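Reader: Got a minute to walk through this one with me? I'd like to go piece by piece.

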Amino acid sequence: MKELNCPTCPGRRAPRQLLCPTCWHTLPGATRNRLTIRDPRTPMRRQQLRAALADKTPLPLVRVSR
Ligand SMILES: [Zn+2]
């Protein structure tokens with residue numbers, strides 16, 4: 001399967017994942033849970049993650065809305 005660069009480290013991620021496994025597990029559990037929910041607010045949560053990464057927010061502090 002094709003792999004892509006992780007947005008926050010030199011690691012690689014699968015196309016369907018937002019981050020590499022290492023970075024993903026560095027996120028708070030509540031944030032991970034919310035990012036795996038599929039509903040009309042999914043794009044908004046992903047945008048919040050991208051904005052937090054762009055602001056260099058440490059991964060353990062990244063939060064997204066419900
Ligand atoms: Zn990573």
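Author: Sure. One cut-off before we start: a residue counts as exposed when its relative accessible area is over 50%, and as buried when that is under 20%. Also, keep in mind that this is a predicted model.

Reader: OK, so is R66 buried or exposed?
Author: Exposed, because its relative accessibility is 64%. R66 sits in the segment after α3 (42–54).

Reader: And what is R66 in contact with, leaving aside its neighbours within four places in sequence?
Author: R34, R41 and R45. R66 is also 9.4 Å from T42, C-alpha to C-alpha, with their positions 24 residues apart in sequence.

Reader: Let's switch to α3. Which of its residues are buried?
Author: T42, R45, L49, A52 and L53. Looking down the helix axis, these fall within an arc of 100°, so they line one face of α3. P43 and A54, on the other side, are exposed.

Reader: What covers the buried residues of α3?
Author: The cover includes α2 (29–36).

Reader: Anything about the backbone just after α3?
Author: K56 has a positive phi there, about 65°.

Reader: New topic: what coordinates the zinc ion?
Author: The SG atoms of C6, C9, C20 and C23, at 2.2 to 2.3 Å. Along the chain the donors are spaced C-x2-C-x10-C-x2-C.

Reader: Why is the arrangement tetrahedral?
Author: Because the 4 donor atoms subtend angles of 104 to 114° around the zinc ion.

Reader: How about C6, buried or exposed?
Author: C6 is buried, at 6% relative accessible area, while C9 is partly exposed at 26%.

Note on methods:
Residues are numbered from 1 along each chain as its sequence is written. This is a predicted model: local features need pLDDT of at least 70, side-chain atom pairs count only at pLDDT 80 or more; totals for chains, interfaces and linings use all residues. Side-chain values use heavy atoms; hydrogens and water are left out. Donors are N, O and S atoms within 2.8 Å of the metal (3.2 Å for Na, K and Ca); water is not among the atoms, so sites may look incomplete. Four donors count as tetrahedral if all angles lie between 85 and 135 degrees; four count as square planar and six as octahedral if opposite donors are over 155 degrees apart and all others between 65 and 115; anything else is irregular. Buried means under 20% relative accessible area, exposed over 50%, partly exposed in between (1.4 Å probe, protein chains only). Helices (H or I, at least four residues) and strands (E, at least two) are DSSP runs, numbered from the N terminus. Contact means heavy atoms within 4.5 Å. The arc is that of the directions from the helix axis to the C-beta atoms.
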